[in-house]
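Please look over the sequence and the model shown here before reading on. The report below moves from the overall fold to single sites, and then to the nonpolar interior.

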Amino acid sequence: MSSRLTRSLVAASAALVVCLAAPAAAVRAQKQAPAQKVDAEYTARIKEYTQDARVITELVDHLPASDSVPTPLKFLGRIPGTPDELTYYKDILRYMEALEKASPRVKLRRIGKSDEGRDMVMVFIADEATIKGLDSYKKILNDLADPRQLTEAQVRQLIASGKPIYWATGNLHSGETGSAEMLMELAYRLAVEESPFVRNIRSNVIVALTPVLEVDGREKVVDNLYYRKKTGQTMPLIWWGKYVAHDNNRDGIGVGLKLTQHVLKAFLEWKPTVLHDLHESIPYLYSSTGAGPYNPNLDPLVVDEWWLLAKHEVAEMTRRGVPGVWTGGFYDGWTPN
Ligand SMILES: [Zn+2]
């Protein structure tokens with residue numbers, strides 16, 4: 001795992017989430033919170049492990065301190081992106097449970113068990129009132145998903161009272177390990193940071209995080225890292241998951257894996273506005289749109305929104321001086337991966 005990439009992922013995800021939140025005028029109108037203390041030890045490690053200063057931004061070059069919510073450093077003894085270290089899924093899950101226990105802004109829901117019996121989860125983060133009303137926001141998105149029984153006025157009222165769900169999923173491909181680490185830190189930031197930027201996200205968007213999708217494969221890949229550190233050798237993994245390796249995201253048609261079944265069921269249950277699946281296979285920082293031709297079975301609005309989100313991400317990262325942020329290539333955008 002590249003710690004540089006993990007640190008970049010933190011910045012990119014933060015930039016994207018705010019795209020869904022309220023416009024800048026609403027941010028300016030918010031009451032400014034008093035300056036929040038910075039976790040000095042954590043911040044020093046961020047600077048130490050970031051190999052190229054250009055890939056970090058003002059959003060993530062420090063970590064706000066909290067008296068009540070544990071940081072990944074406090075919980076694990078190291079920060080995400082520490083060179084040559086990875087976190088087992090069982091510990092990532094324990095960390096997310098600790099966040100839920102420590103913060104009324106965090107709610108963890110289990111979405112099913114993997115083929116090997118591990119819990120898959122969605123970790124919801126928003127302001128306290130939104131988390132309390134999570135199921136009512138779910139109902140609004142479900143009502144909007146099929147508006148045939150609604151009047152135009154009812155639709156407008158639901159849009160005005162609802163909130164978008166941004167669901168980020170990590171580590172579908174078990175060898176692409178950084179997103180699972182990053183999502184622990186992003187969860188902490190979203191739960192505790194009091195900047196107008198993050199408060200805007202918390203009050204206008206419901207963020208859902210699944211730090212690891214292929215929960216069985218994660219443990220094997222982390223096992224392999226520590227086996228290599230101990231013996232100098234690497235085990236050739238035939239399968240990461242119980243039944244499949246890299247091609248688990250080609251299961252969208254067959255839906256044969258528990259992983260796919262649970263994600264599909266959760267998607268249909270929550271109707272997330274955005275589902276953002278994080279990978280590490282493409283050079284630099286690529287925000288996925290594909291290059292077309294696009295599948296005509298998809299609503300053109302969906303494809304337009306891929307471009308809207310990707311271009312926003314490219315613009316926000318590029319204006320902060322982050323090199324190599326790009327979109328538009330790599331694959332056609334046709335296949336239902
Ligand atoms: Zn991948």
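Helices, of at least four residues, and strands, of at least two, are taken as DSSP runs and numbered from the N terminus, and on that footing G241 is found in the loop between helix 11 (215-231) and helix 12. The model is a predicted one, and its chain holds 13 helices and seven strands.

**Overall picture**

Of the 337 residues of the chain, 50% count as buried. Among the contacts in the chain with a separation of 6 or more, 76% are accounted for by residues 24 or more positions apart.

G241 offers a single-residue view of such an arrangement. Its relative accessible area is 3%, and because buried means under 20%, G241 counts as buried. Once residues up to four places away in sequence are set aside, G241 touches E214, D216 and G217. The C-alpha atoms of G241 and S114 are separated by 8.9 Å, although these two residues stand 127 residues apart along the chain.

**The zinc site**

Which residues coordinate the zinc ion? The donors are H173 through ND1, E176 through OE, which is listed twice, and H279 through ND1, at 2.1 to 2.5 Å. In sequence these donor residues follow the spacing H-x2-E-x102-H. The angles among the four donor atoms run from 56 to 150°, and the site of the zinc ion is irregular. Both H173 and E176 are buried.

**Aromatic pairs and a charge over a ring**

The count of aromatic pairs comes to seven. Two of them, both edge-to-face, are set side by side in the table.

| Pair | Centre to centre | Angle between planes | Separation in sequence |
|---|---|---|---|
| Y286 and F330 | 5.7 Å | 75° | 44 residues |
| Y294 and W306 | 5.9 Å | 70° | 12 residues |

The pair of Y286 and F330 links distant parts of the chain, with Y286 in strand 6 (residues 285-287) and F330 in the segment after strand 7 (325-327). Is each partner buried or exposed? Y286 is buried, with a relative accessible area of 16%, whereas F330 is exposed, with a relative accessible area of 55%. Y286 and F330 also belong, together with W326 and Y331, to one aromatic cluster.

In the pair of Y294 and W306, the planes lie at 70°, so the pair is edge-to-face. This pair too links distant parts of the chain, Y294 being in the loop between strand 6 and helix 13 (300-319) and W306 in helix 13. Y294 is partly exposed, with a relative accessible area of 23%, and W306, at 25% relative accessibility, likewise counts as partly exposed.

Elsewhere, K138 lies over the face of W270, at 4.6 Å from the ring centre.

**Backbone features**

The peptide bond from G292 to P293 is cis, with omega near 0°, and P293 is found in the loop between strand 6 and helix 13. Two residues that are not glycines have a positive phi: for K271 the value is about 50°, and for F330 it is about 75°. K271 has its place in the loop between helix 12 (258-270) and strand 5 (274-277), and at 24% relative accessibility K271 counts as partly exposed. F330, the edge-to-face partner of Y286, lies in the segment after strand 7.

**The nonpolar interior**

In soluble globular proteins, nonpolar side chains tend to be buried together. In this model the largest nonpolar core has 66 residues, of which L99, M122, F124 and L209 touch the most other members. The largest share of this core, 10 residues, comes from helix 9 (residues 178-192).

Which residues does M122 contact, leaving aside its neighbours within four places in sequence? M122 is in contact with K107, L108, R109, I111, W167, A208, L209, T210, A266 and W270. Two of these names appear elsewhere in the report, for L209 is listed with M122 among the residues that touch the most other core members, and W270 is the residue whose ring face has K138 over it.

Apart from the largest core lies another one, of five residues, including L285, V314, M317 and V325.

Note on methods
Residues numbered from 1 in each chain as written. Predicted model: local features only at pLDDT ≥ 70, side-chain atom pairs only at ≥ 80, totals over all residues. Heavy atoms only, no water. Donors = N, O, S within 2.8 Å, 3.2 Å for Na, K, Ca; no water. Tetrahedral: all angles 85-135°; square planar, octahedral: opposite > 155°, others 65-115°. Buried < 20%, exposed > 50% of the residue type's maximum accessible area, 1.4 Å probe, protein only. Phe/Tyr/Trp six-rings, centres within 6.5 Å; stacked < 30°, edge-to-face > 60°. Lys NZ or Arg CZ within 6 Å of the ring centre and 35° of its normal. Contact = heavy atoms within 4.5 Å. Core = buried A, V, L, I, M, F, W, Y, C linked by side-chain atoms within 4.5 Å.
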